[in-house]
Every structure is written in C-alpha cells, then in structure tokens.
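Trainee: I am new to this structure and should be grateful for a close look at a single part of it. Please take one strand and its surroundings, and describe them step by step.

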Amino acid sequence: MRHAGLLFLLLITSVVCLPLGGIGLADLTVYTDFASFDGATDTAIVENFESATIPKNTGMGSFTSQGITYQPFPAPLYVAAAPHGGFGTTPTSAVLTGIGDEFFQILLNDKAAKAVGFDVYLNYVGSPVTTEYYGSTGNLLGSVSDNRGTASVWFLGVLADEAIHKVVWKTGNYGDQLNTGIDNLRLGTVTSVVPVPGAMLLGFLGLGYAGMRLRKVA
Ligand SMILES: [Ca+2]
Ligand SMILES: [Ca+2]
C-alpha cells in the first residue's frame, strides 16, 4: 500500500529511564497519519469523551471510563466541551486536556494493547508534547516528542512489540492558558507492518524521537 509520502514508520527505542537488569528494549513503530496506522492495525475507538457520565468543563481528579483510568499529575484533568478556546485548532467535540499545564497518564488496565492511537491537539506556543508508552512492568517502551504545530488536528499512533499498559502525556509552558489534548483514543491489535519510505519528513513534521532507528521490514 502507498500513502504518498505521508507514511513513515519508525522504530523508536527509549534511551532513558530504563530499568536495570538487561531488559531488552521494546520497539515502537510510530504513525502520524491514520490511514497508514489503520492499514497496519485492527483498532476501534474506545473513548471519545462525549459520554454524559464524564463531566465537561470541570476540573477533575482521576476518573475511569470504559475501563480506562485517567490520572492527572497533579493539576486537574478537564474535558473541554466544544467549542472551547485555547487549542491551536478549536475542537468540534469534547477533548481531554488539563487545567494548567497538561500532564496526565492513561492506564489501559485490562485493555492494554499493542496498537494505540489518538487525535492530537497542540497549542499556539510551539512547545512540544511528549508522549511516553509503558509496558506491563512499568518499563518505558519509547517516547515521541510532537511539535507539529496548530495547522490541524493530528493523529498519532504507535505499535509496540508488547502490550502498552500506560500512556503519559506531558506538556508544559503556558498550558494554563493554551491547551493541548487528545481525543478518540483507539486500541487494538497489529495486523501488518507496511514498508518505510524513509525518514525525510521527520524534521518537517517536527517530531522527535528517543533512540530512533528505522525498521527493516520483512
Ligand atoms: Ca470527542
Ligand atoms: Ca491547560
């Protein structure tokens, strides 16, 4: 399959915060367009933050929805009902963000999955959002620094060699006024891995990686 230059896959492996003891690095494959991610996975949206059981425009501590737990560090979580200002691109539906700088983690619990994706909202400031992906023992599988700007709602999807149990979303600098956030969290399985055309778009898309290497596709 072909996706005209927008497709690239990367393996990223963490170079920081790994536990001692010779545990092998797990590989992450990163997608920035949904069509390519969808071609390599079988996933479904498990959370769109629209449910009436999720309060809107209200500071919240931890909450659980659809078996998934959302925890702030420590500033309150906030599900912004649309339309809501502060994002680079104004959401058209409810989006998970935070009061103050957005810094939260998502515990997938018994929905841990090898394929995880979501929509990404960034802000005007241009400070990157870092997402981190953890395995069953709290092992860091990899991280992505996302600084694609405000031109769109972006997609970010990762595939891992082992189930992802936790996703951490970190941003700082002006998050009290300018929001970042996620929507349409989707989980599922890996069905195939498609070839990598190259990494030339990395700088263009403003993505950074910890310990990047390209995957050789069988
Ligand atoms: Ca939504
Ligand atoms: Ca905020």
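Mentor: What follows is an account of one strand, its partners and a residue within it, with another pair of strands for comparison.

Please bear in mind throughout that the model is predicted. As a setting, the protein chain has 218 residues, of which 40% are buried. Its secondary structure consists of two helices and 17 strands. Among the contacts in the chain with a separation of 6 or more, 77% are between residues 24 or more positions apart.

The part I have chosen is strand β11, which spans residues 129-134. One of its partners is strand β12, residues 140-146; the two run antiparallel and are joined by six bridges. Two of the facing positions can be followed by name. Threonine 131 has valine 144 of β12 as its bridge partner, and threonine 130 stands opposite serine 145 in β12. The strands β11 and β12 form a hairpin with five residues between them, and in this hairpin glycine 138 adopts a positive phi near 85°. As for the setting of β12, six of its seven residues are buried, so this strand is largely enclosed by the rest of the structure.

Strand β11 also pairs with strand β14, residues 166-170, again in the antiparallel sense, through five bridges. Here threonine 130 stands opposite lysine 170 of β14. Threonine 130 thus faces serine 145 in β12 and also lysine 170 in β14.

We may now turn to tyrosine 133. The largest nonpolar core has 44 residues, and within it Tyr133 and Ile164 touch the most other members. When neighbours within four places in sequence are left aside, tyrosine 133 is in contact with Leu28, Leu141, Gly142, Val158, Ala160, Ile164 and Val167. Ile164, the other residue named for its many core neighbours, is therefore itself on the contact list of tyrosine 133. In soluble globular proteins, nonpolar side chains tend to be buried together.

For comparison, consider strand β8, residues 95-98, which is covered on both faces: Val95 and Thr97 are buried on one side, and Leu96 and Gly98 on the other. Strand β7, residues 77-80, pairs with β8 in the antiparallel sense over four bridges. Within this pair, leucine 77 stands opposite glycine 98.

Technical notes: Residues numbered from 1 in each chain as written. Chains lettered and ligands numbered in written order. Predicted model: local features only at pLDDT ≥ 70, side-chain atom pairs only at ≥ 80, totals over all residues. Core = buried A, V, L, I, M, F, W, Y, C linked by C-beta atoms within 7 Å. Buried ≥ 20, exposed ≤ 12 C-beta atoms within 10 Å, placed from the backbone. Contact = placed C-beta atoms within 7 Å. Pairing = 2+ DSSP bridges.
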